Amino acid sequence: MAIYNITVNGEQRQVDVDADTPMLWVLRDSLDMVGTKFGCGIAQCGACTVHLDGNAVRSCSIPVSAVGEAKITTIEGLSEKGDHPLQEAWREHDVPQCGYCQAGQIMNAAAFLSKNPNPSDADIENATHTNICRCATYNRIKAAVKTAAANM
Amino acid sequence: MSNSLKTSRRTFLKVSGTAGGGLILGFNLYSCSTMPDNPIFSNLEINAFILINGDGTATIKAKNPDIGQGVKTSLPMILAEELDLPWEKVTVEQAELDGRLGSQFAGGSTGVKTNYDNLRNAGASVRDVLVRAAANRWEVNAEDCKTEDGFVISGRNKLHYGHLAEEAAQLELSEAPPLKDPQDFKIIGKSKSDVDIKKIVTGQPLYGLDQEVEGMVYATVLKPEVFNSTLTSFDDVEARKLSGVIDIFKIDAMDNPVNRVDGVAVIAENLWTAFKAKKLIKASWKEPKGYITSLKQLKGDFKKGLAAKGEVLRNDGDVAAEFQKSGNVIEATYEVPFISHSQMEPMNFIADVRENEVFLVGPTQTPGSANALASRITGIPRENIQVKFTRIGGGFGRRLGNDYASEAVFISHKIKKPVKLVWSRENDFLGDLYRPAGCYHFKAAMNGTEVKAFDVNICTTSRYLYRGGSPAHGTEAFPDQQPAGMIPNFRVSYSPLLTNIPVGALRTPGVNATTYAYQGFIDELAEKAGMDPIDFQLQMIGDEDRDMPYSDHGGPTYNTKRLRAVINLVKAKSGWGQVNREGISRGFAAQMVFGTYVACIVDVRNISGKIKVDKVYITADCGRVINPIGAEAQVQGGVTDAISAAFYESLELQNGKPQAQNFDQYQKLRMKDSPEVDVSFIANGEAPQGLGEPSYPILFPALTNAVYKATGKRVRELPLKKHGLV
Ligand code: FES
Ligand code: FES
């Protein structure tokens, strides 16, 4: 075990974990931030998506020792009041079914929209293709990302 | 009203501040704007479902597990409707296992259908005591009081429910309270977004995996690669060297594999350590007798199964005689693979087994069974076992079994500590209860466009046989499935196959396979008849309005008029036969599924030999729709889930071991393969039916029938991937 100082949602946090502990488990089990979800553990499904310096990454596959100074943003820190345009659009379109994948979907889409605020339909499809939704809410994910882009 | 919904004594769950009911006794007349929120109490239980707060709002219990089918929203909507309280004044709370709430269960698309009447009654009975309380206070007749938006009104008297709850709680609840005229519904039939939406989009704890209890340790399991192997020995020396590992021991199988199979438990201070330690264990397993080593072997077994004389489940007329004299006999064999549930949230459960009580919390579709199982394992009486269930990250039938809860109980019982058990995704593939694989042989005799004889012989890896239930054909073969009763000579036979592959219920168990096979074969018959597939099915169904006997789930009958209506609407919606879009080929299928009528048209493109689904049209008649926005989502999800299975999904085996143990090898459909799904409903006042499943099975044949049009290839074995079509 070793001490790591990481920045999560703008706050300095200290954790005492093994160097190879994925960020996912640091967030969930050490920091009690359970919004980031475990789906596959091998960077396939995207349920664990967080931002590392604004880029969407798979927290299940990034060991805490590799984070360094980079700033982590999780679904809990995406917006102060839960009113990021994507969060609003998700509500408007009632996107979730079971809802389990949706934090990852939103984080993935948020990183994408911050880089491409005026996406085409094809851009949206490409960018969201990375994340599995087992309940297959894809029609609404697409519609909600479009709405969010229009409102940003 | 059923006994289960009767309430005993009502009690305050929480009382904050001074009980304020008395303070308002003097005021009978207020306008809305000047009415003080005087009563200072919350969660005053009027019946087991409804708790009233002093400010006139209510807490409504969501009785059933929500696996993504939306019942945490739709069932409370029914209560709120009859309570006559605006939805904005309702807070929904997940109930725990509570005998007073009736059966608490998620499966078979039964949530709305079996609770609609009871919940209307339960909501109305609370409204009724509130009205009577008001009438008493105002010394008027209850008949002269009405409710509106959470107020009771009589002449110039007006009070909100919070002012009346304490008096209402003293009154006996009526067993047959007056119900609303459905024409006056304000909540049922209006779209309400998921009650957890805010929590979901902000990452608040909701799911089993998000729960914790004081003092808990973490656990995971090592499972054999050949299903149902027994553990002979294991070496945990390396694993125990990891700091943070607490214990490692064998998990014993129970008498029935659906309750628990052999494994090795790894207990650690945190989950990551448990996952790492698991990889360091060297375990030896003994394979079960007669295990399936490859899908080739399975194919051979199916052949034998079909050749054996199966049990005849239905035999109308004389198919053999008809085949003998007919010069036009058509045969085809369809096949479906084992497919995984791969629900998004991996299996997990928290168990805390104490001296003479147990606390359980986790994602289960059958909390009552989890309670019974925990009692069997620990010997602790059921009434001392508390079960809480969470919002669930996908079920699809997988969490009807409680094998993972059983493991958590076993572990906690042994280590005498609360434990949070979490499976890895690999555990999930090695411990799934797969959709049974099956084989369907059809033979039909035709005379012109008319089907004279229809014979189907089915062999599947029966899930009832696997779990030791009966009959073996239950949820595998359906003697009354359409077109039974529409063809004079008609026979259905079934032979079960027992293998070591764990099988269970998956979204429309059995029906998802038979619908694909039957409706695929019927499309072949339509072609033989030289008819448009829709015209052919309508001809087979007939013009007469008939109630067809149906002895399986969704019965006891289904109605041909309603079936024709969904077909005609989807036909009109899609412009079938009218609109011909360049490069588009269309397929069609329709059937009653679990009491809901579905008709589906799939548009595909053939892009250099690869299939792309362009658009799906689907019409459903599920009777009254409770929550339109949720209903549409269920239908879209079911259709798209089926495209995933039809395109990619199959459990591949090598030497008895599943080749896919995670999403890198087991492909799931993603955004770019997901077409627009156009959903329409037939609005009628019929009794509400379920929607979580019916759209799933109908997609398979509609898709493969379209694929045939696009490529000339009949896909009689799923998935499409096997044929290089995706
Ligand atoms: S859990 Fe990280 S990508 Fe699936
Ligand atoms: S909503 Fe269930 S996995 Fe996406």
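Here a colleague and a modeller talk through a predicted model of two chains, A and B.

Colleague: Happy to look at this with you! How many residues does chain B bring to the contact with chain A?

Modeller: Since this is a predicted model, totals for interfaces use all residues. On the other side of the contact, chain A gives 50 residues. The residues on the side of chain B divide into 24 nonpolar, 18 polar and 17 charged. The number from chain B is 59 residues.

Colleague: And what is the area buried between the two chains?

Modeller: The size of an interface is often given as the accessible area lost when the parts come together. Here carbon and sulfur atoms give 57% of that area. On the side of chain B, the trio B:Met344, B:Arg670 and B:Met671 supplies 18% of what the chain buries against chain A, more than any other three residues. The area buried between chain B and chain A is about 4700 Å².

Colleague: Nice. How many salt bridges cross that interface?

Modeller: Side chains of opposite charge can pair when their charged atoms come close. One pair with a salt bridge is B:Glu632 and A:Arg140, whose closest N and O atoms are 2.6 Å apart. The structure as a whole holds 58 salt bridges over all chains, and the number across the interface of chain B and chain A is six.

Colleague: Which element of chain B gives the largest share of the side that touches chain A?

Modeller: Residue pairs in polar contact between the two chains number 32. Elements of chain B that give two or more residues to this side are helix 4 (197-202), helix 6, helix 11 (425-430), helix 16 (628-648) and strand 30 (676-681). The largest share is eight residues, and the element that gives it is helix 16.

Colleague: Let's turn to B:Lys276, then. Which residue is its salt-bridge partner?

Modeller: The closest N and O atoms of this pair are 3.0 Å apart. The pair crosses between chains, from helix 6 (residues 271-280) of chain B to the loop between strand 2 (11-17) and helix 1 (23-30) of chain A. B:Lys276 has a relative accessible area of 18%, under 20%, so it counts as buried, and its partner is buried as well, at 15%. That partner is A:Asp18.

Colleague: Within chain B, how many residues apart in sequence are the parts that B:Glu345 and B:Arg399 tie together?

Modeller: The two side chains meet in a salt bridge, at 4.0 Å from N to O. B:Glu345 lies in the loop between strand 15 (329-336) and strand 16 (348-353), and B:Arg399 in the loop between strand 18 (385-389) and helix 10 (403-415), so the pair ties together parts of the chain that are distant by 54 residues.

Colleague: B:Arg354 and B:Asp352 also pair up. Which of the two is buried and which is partly exposed?

Modeller: Their side chains meet in a salt bridge of 3.0 Å, N to O. B:Arg354 has a relative accessible area of 38%, which makes it partly exposed. At 12%, the buried residue is B:Asp352.

Colleague: One last stop, B:Leu360 in strand 17. How far is it from B:Gln386 in space?

Modeller: B:Leu360 counts as buried, at 0% relative accessibility. Among the residues that B:Leu360 touches are B:Phe349, B:Ala370, B:Gln386 and B:Val409. B:Leu360 and B:Gln386 are 26 residues apart in sequence, yet C-alpha to C-alpha their separation in space is 6.1 Å.

Key:
Residues are numbered from 1 along each chain as its sequence is written. Chains are lettered from A and ligands numbered from 1 in the order in which they are written. This is a predicted model: local features need pLDDT of at least 70, side-chain atom pairs count only at pLDDT 80 or more; totals for chains, interfaces and linings use all residues. Side-chain values use heavy atoms; hydrogens and water are left out. Helices (H or I, at least four residues) and strands (E, at least two) are DSSP runs, numbered from the N terminus. Buried means under 20% relative accessible area, exposed over 50%, partly exposed in between (1.4 Å probe, protein chains only). Contact means heavy atoms within 4.5 Å. Buried area is the accessible area (1.4 Å probe) that two parts lose on being put together, summed over both. A polar contact is a pair of N or O atoms within 3.5 Å; within protein, one must be able to donate a hydrogen and the other to accept it, and residues adjacent in sequence count only if both atoms are side-chain atoms. Ala, Val, Leu, Ile, Met, Phe, Trp, Tyr, Cys and Pro count as nonpolar, Asp, Glu, Lys and Arg as charged, and the others, Gly among them, as polar. Lists of a residue's contacts leave out its neighbours within four places in sequence.
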